Amino acid sequence: MSHPWLVFVLLLSTSLLAKPFNVVTGIDRPPYSIQNAKVGFEIELLNAVLDKVVEHHEFVIAPYGRTIKILDVNNIDAMTTASISVYKASGKLSLPYIQYRNVAVTLKSAGLKLASINDLERFSIATFLNAKTILGDTFSQAVSKASQYTELSDQSLQLHMLRKNKVQVLVMDINIFNYFNKFHELDVDIHQIFPLTAYGLLVKDDRTRTAFDKELKKFINSSRYYKLAEGWSIEPTLLID
């Protein structure tokens with residue numbers, strides 16, 4: 001004679017033991033990820049897609065210094081915000097779901113002129129962690145000649161530094177700058193001297209990556225993608241066409 005309660009306990013035990021799909025993401029990057037990956041454009045987009053691909057997923061917060069080697073960790077299955085230019089050759093990268101437009105930001109009152117990345121060598125600069133790797137050799141060579149160069153994990157501090165004239169130039173994504181500048185209201189010039197940087201999801205398992213790409217295409221081609229972007233004030237030109 002079978003015991004329904006015993007079947008229930010066995011099913012519950014199996015459920016509790018089921019391994020979640022663990023996704024490594026960085027610290028807060030408003031408007032992409034906020035409140036320890038609880039909300040934000042990127043987090044909500046990935047939630048919507050991953051809900052169609054895996055039974056259960058969780059975000060694991062890790063510092064910006066992340067590489068493909070993070071997938072060698074047993075309980076890690078994917079990594080967010082992986083640069084297409086850096087990780088495409090790995091064969092583990094999904095299709096892109098967002099593009100960043102890094103820009104140089106200066107106070108309008110300073111009247112500074114920047115026509116190219118090379119011009120950065122003449123100024124003091126604050127930027128985000130690992131900018132030298134993400135923004136390439138030309139950027140790395142230029143800032144090596146700068147009078148001051150600072151990388152910060154908390155990008156809100158960049159605006160404090162600019163407001164207090166501790167640096168002359170900020171280098172950061174335009175959406176991140178716009179989010180933080182709502183609180184600072186700095187009068188600035190935006191210098192578009194960088195190419196766009198496309199980002200995808202780095203995925204350990206090929207089958208999961210293929211399924212993710214399939215569901216991502218559906219999401220990007222739906223009105224939900226544009227409504228989500230509008231809700232977080234994402235620049236429309238940075239969405240994937």
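## Salt bridges and cores in a predicted model

E121 counts as partly exposed, with a relative accessibility of 33%. The model is predicted, so please read each value with that in mind. E121 pairs with K145 in a salt bridge, and K145 is exposed at 58% relative accessibility. The two sit 24 residues apart in sequence, K145 in the loop between α4 and β7 and E121 in the loop between β5 and β6.

A search of the whole structure turns up seven salt bridges, and three of the pairs are listed here.

| Pair | Closest N to O |
|---|---|
| E42 and R29 | 3.2 Å |
| D189 and K108 | 2.7 Å |
| K145 and E121 | 3.8 Å |

D189 belongs to strand β9 and K108 to the loop between β5 and β6, so their bridge ties together parts 81 residues apart in sequence. K108 is partly exposed at 40%. By contrast, both E42, at 1%, and R29, at 2%, are buried. Elsewhere, K92, D206 and R209 form one network through shared salt-bridge partners.

E42 also leads us to helix α2, where eight of the 10 residues are buried, so the rest of the structure largely encloses the helix. The largest nonpolar core has 50 residues, and F41, L45 and L50 are among those touching the most other members. Helix α2 gives this core its largest share, seven residues. A second, separate core holds 18 residues, including F139 and V169.

V169 is also one of the contacts of T106, as are D187 and D189. T106 lies in strand β5 and is buried at 0% relative accessible area.

How values were computed
Residues numbered from 1 in each chain as written. Predicted model: local features only at pLDDT ≥ 70, side-chain atom pairs only at ≥ 80, totals over all residues. Heavy atoms only, no water. Core = buried A, V, L, I, M, F, W, Y, C linked by side-chain atoms within 4.5 Å. Buried < 20%, exposed > 50% of the residue type's maximum accessible area, 1.4 Å probe, protein only. Helix = DSSP H or I, 4+ residues; strand = E, 2+ residues; numbered from the N terminus. Contact = heavy atoms within 4.5 Å. Salt bridge = Lys/Arg side-chain N within 4 Å of Asp/Glu carboxyl O. Lists of a residue's contacts leave out its neighbours within four places in sequence.
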